Amino acid sequence: MPAEECVFCRIVAKQIPSEIVYEDEHVVAFRDINPQAPTHLLVIPRRHIPSLVEVTEDDIEVLGRLQYVASLLAKEHGFADDGFRTVLNCGQHGQQTVFHIHLHVLGGRQLTWPPG
Ligand code: 5GP
Ligand code: ZN
């Protein structure tokens, strides 16, 4: 999919509005439009990577950065001590709906396990 057709590439390019809560040279984080917890953030690489299946060795650093930024945001948004969850859905069985890799960060309520 060309970047101009990817909704998350368009968020990175600020061509469509989103509530950005963090950005640096490699990563952008914003609020999910359909939150599943009191705080539901998405952390994404600026570079278009469709899914976890498509990653290469060149992506190892940015994958680590997604989790690192999730940790920073959990502290900043006040749910690090209570706990939270990061989730990366992949493909059809993982119910991935946006094919620009993204890490969900869910905090602010008691979550359950296993996921549906
Ligand atoms: P997935 O199901 O692919 O793991 O998660 C995609 C997430 O992106 C969903 O939680 C959905 O609510 C969110 N999402 C989809 N389109 C947009 C959008 O245009 N803006 C924002 N902020 N979130 C979106
Ligand atoms: Zn993209």
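In this predicted model, the count of disulfides comes to 0. A disulfide is a covalent bond between the sulfur atoms of two cysteines. Under the criterion applied here, the two sulfur atoms must lie within 2.5 Å of each other. The cysteine sulfur closest to that of C90 belongs to C6, and at 15 Å it is too far away for a bond. The surroundings of these residues can also be stated: C6 is buried, with a relative accessible area of 2%, whereas C90 is partly exposed at 26%.

**Salt bridges**

The whole structure contains 6 salt bridges. Three of the pairs are described here.

| Pair | N to O distance |
|---|---|
| E23 and K14 | 2.9 Å |
| E23 and R46 | 3.1 Å |
| R65 and E61 | 3.8 Å |

Which residues are linked in a network of salt bridges? The network joins K14, E23 and R46. E23 takes part in the bridge to K14 and also in the bridge to R46. E23 belongs to strand β1, residues 20-23, while R46 sits in the loop between β3 (39-45) and α2 (60-76), so this pair ties together parts of the chain that are 23 residues apart in sequence. K14, for its part, is located in the loop between α1 and β1.

The members of the network differ in solvent accessibility class. E23 counts as partly exposed, with a relative accessibility of 37%, and R46 is likewise partly exposed, at 29%. K14 reaches 51% and therefore counts as exposed, the cut-off for that class being over 50%.

The bridge between R65 and E61 has a local setting. Both residues belong to helix α2, where they are 4 residues apart, and this spacing separates them by about one helical turn. R65 is partly exposed, with a relative accessible area of 24%, whereas E61 is exposed, at 57%.

**The largest pocket**

The largest pocket holds about 840 Å³ of space. It is lined by 32 residues, of which D32, Q36, H40, N89 and H104 are the closest to its centre. Several elements of secondary structure contribute to this lining: α1 (7-12), β2 (27-31), β3, β4 (84-87) and β5 (103-107) each supply at least two residues. Which element gives the most to the lining? That element is α1, with 3 residues. Sorted by class, the lining of the largest pocket consists of 13 nonpolar, 14 polar and 5 charged residues.

**E19 and its contacts**

E19 is placed in the loop between α1 and β1, the loop that also holds K14. Its relative accessible area of 48% makes E19 partly exposed. Which residues does E19 touch, not counting those up to four places away in sequence? On that basis, E19 touches A29, F30 and R31. A further spatial relation concerns L41, which is 22 residues from E19 along the chain; the C-alpha atoms of E19 and L41 are separated by 9.5 Å.

**Backbone geometry**

Most residues other than glycine have a negative phi, and most peptide bonds are trans. Against this background, three places in the backbone may be noted. K14 is not a glycine, yet its phi is positive, at about 60°. This residue of the loop between α1 and β1 is also exposed, with a relative accessibility of 51%, and K14 is a member of the salt-bridge network with E23 and R46.

Q95 likewise has a positive phi of about 60° without being a glycine. Q95 is found in the loop between β4 and β5. Is Q95 buried or exposed? With a relative accessibility of 65%, Q95 counts as exposed.

The remaining feature concerns a peptide bond. The bond from W113 to P114 is cis, its omega being near 5°. P114 lies in the segment that follows β5.

Methods. Residues are numbered from 1 along each chain as its sequence is written. Chains are lettered from A and ligands numbered from 1 in the order in which they are written. This is a predicted model: local features need pLDDT of at least 70, side-chain atom pairs count only at pLDDT 80 or more; totals for chains, interfaces and linings use all residues. Side-chain values use heavy atoms; hydrogens and water are left out. A salt bridge is a side-chain nitrogen of Lys or Arg within 4 Å of a carboxyl oxygen of Asp or Glu. Buried means under 20% relative accessible area, exposed over 50%, partly exposed in between (1.4 Å probe, protein chains only). On a 1 Å grid over the protein atoms alone, a cavity is a set of points where a 1.4 Å probe fits but cannot get out, and a pocket is an open set with protein on both sides within 12 Å along at least five of seven lines; lining residues have an atom within 4 Å of a point. Grid points are joined across faces, edges and corners, and a volume is the space filled by probe spheres set on the points. Ala, Val, Leu, Ile, Met, Phe, Trp, Tyr, Cys and Pro count as nonpolar, Asp, Glu, Lys and Arg as charged, and the others, Gly among them, as polar. Contact means heavy atoms within 4.5 Å.
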